[in-house]
Amino acid sequence: MTDYGQPLRFGFFPSPRADNLDNLLRMVEIAEDRGLDLVSIQDHPYQKRFLDTWTLLSVVGARSSSICLSPNVANLPLRPPVMLAKAAASLDVITGGRVELGLGAGAFWDGVVAAGGPRRSPGEAVRALTEAIAVMRAFWSGGTVDLDGEFYPVHGLHAGPPPAHRIPIWLGALGPRMLRLTGELADAWVPSLQFVPPEKVAEKSAVIDDAAEAAGRDPGDIARIYNIDGNFGTGGGLLEGSPAQWAEQLTDLTVTLGMSTYILATDDPDDLARFADEVVPAVRELVAAERQG
């Protein structure tokens with residue numbers, strides 16, 4: 001694995017708890033004031049403590065002017081793709097082209113079923129996601145949509161409004177079939193550190209690259225987004241030390257594994273400010289030096 005040379009981006013991943021709203025909105029202000037690129041929010045409609053992700057992203061979009069907005073990742077079994085495409089395009093128009101769409105094939109199936117959604121096998125979930133991507137991209141292209149499908153047939157739909165820009169689709173992928181789908185169709189891969197530690201990134205990224213090349217795509221066109229978590233301190237492990245150590249470690253992940261976007265899971269405004277003020281500029285400087293050398 002090597003550096004794909006992709007632009008560096010940084011964001012944060014707050015908890016969408018109803019009792020965390022004021023803190024979350026303060027953190028969005030911190031992130032935007034300090035030039036972070038993304039705010040990304042998990043989507044678990046069956047979680048009673050959580051606000052609805054699209055409603056929350058809409059509020060965040062109305063209270064900000066530059067930061068990009070994304071679910072991380074949208075719960076497809078509970079969000080029909082036509083309505084998801086409509087919601088994403090609408091928010092993209094409202095915010096002047098700041099929406100990116102993270103998609104997941106489904107997880108926590110007991111919760112999905114409890115909320116009235118389907119329980120799908122792994123194979124069904126991947127096929128449904130493949131169809132959903134086709135439906136959403138057709139919707140965003142406008143005109144009349146006619147698509148057969150096992151899960152999402154759409155016939156005679158008058159699509160619109162179109163989004164303000166081409167909305168990139170991220171896929172949260174772990175297994176081989178989802179990784180291959182990412183290489184074939186997606187704009188970005190978004191694993192989480194807790195599920196895909198650095199020692200597993202290369203093998204999974206290689207599956208994406210092989211699938212991309214087989215589909216006639218450049219693997220470097222697929223952004224590598226990493227959901228990260230850690231603590232500032234004096235530890236020697238990954239993302240457990242000083243901001244300088246964090247910067248060195250994230251630089252290494254960029255130049256050796258090709259990761260290029262880092263989304264920090266935190267509800268601590270001080271940690272977010274420290275990440276933005278001390279870690280991010282140092283990573284940009286170190287990666288630029290590595291790339292020039």
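**Exercise 1. Which residue meets the side chain of R291 in a salt bridge?** Give the N to O distance and locate both partners along the chain.

*Solution.* This is a predicted model, in which local features need pLDDT of at least 70 and side-chain atom pairs count only at pLDDT 80 or more, while totals for chains, interfaces and linings use all residues. Residues are numbered from 1 along each chain as its sequence is written, and side-chain values use heavy atoms, with hydrogens and water left out.

Step 1: apply the criterion, by which a salt bridge is a side-chain nitrogen of Lys or Arg within 4 Å of a carboxyl oxygen of Asp or Glu. The partner of R291 is D3, with 2.7 Å from N to O.

Step 2: place the two residues, using helices (H or I, at least four residues) and strands (E, at least two) taken as DSSP runs numbered from the N terminus. R291 belongs to helix α9 (residues 269–292) and D3 to the segment before β1 (9–13), so this bridge ties together parts that are 288 residues apart in sequence.

Step 3: classify the exposure, where buried means under 20% relative accessible area, exposed over 50%, and partly exposed in between (1.4 Å probe, protein chains only). Both ends fall in the middle class, R291 being partly exposed at 33% and D3 partly exposed at 23%.

**Exercise 2. Describe the salt bridge of R9 and E100, and then set it in the context of other bridges in the model.**

*Solution.* Step 1: the side chains of R9 and E100 meet at 2.7 Å, N to O. Since R9 lies in strand β1 and E100 in the loop between α3 (81–94) and β5 (101–104), the pair ties together parts that are 91 residues apart in sequence. E100 has a relative accessibility of 7% and therefore counts as buried.

Step 2: D110 forms a salt bridge with R119, their closest N and O atoms being 2.9 Å apart, and D110 counts as exposed at 58%.

Step 3: the structure holds 14 salt bridges, and R17, D19 and D267 are linked in a network of them.

**Exercise 3. Trace the aromatic pairs that involve W246, and name the cluster to which W246 belongs.**

*Solution.* Step 1: rings of Phe, Tyr and Trp (its six-membered ring) pair if their centres lie within 6.5 Å, and planes under 30 degrees apart count as stacked, over 60 as edge-to-face and the rest as tilted. By this rule there are five aromatic pairs.

Step 2: the ring centres of F232 and W246 are 4.2 Å apart and their planes stand at 25°, so this pair is stacked. F232 counts as buried at 17%, and W246 counts as buried at 1%.

Step 3: for W246 and F275 the centres are 6.3 Å apart and the planes at 65°, so the pair is edge-to-face. W246 sits in helix α8 and F275 in helix α9, 29 residues apart.

Step 4: ring pairs link F10, F232, W246, Y262 and F275 into a cluster.

**Exercise 4. Which helix gives the most residues to the largest nonpolar core?**

*Solution.* Step 1: a nonpolar core is a set of buried Ala, Val, Leu, Ile, Met, Phe, Trp, Tyr and Cys residues joined through side-chain atoms within 4.5 Å. The largest one has 81 residues, and those with the most contacts inside it include W140 and F275.

Step 2: helix α5 (residues 122–141) gives the most to this core, with 10 residues.
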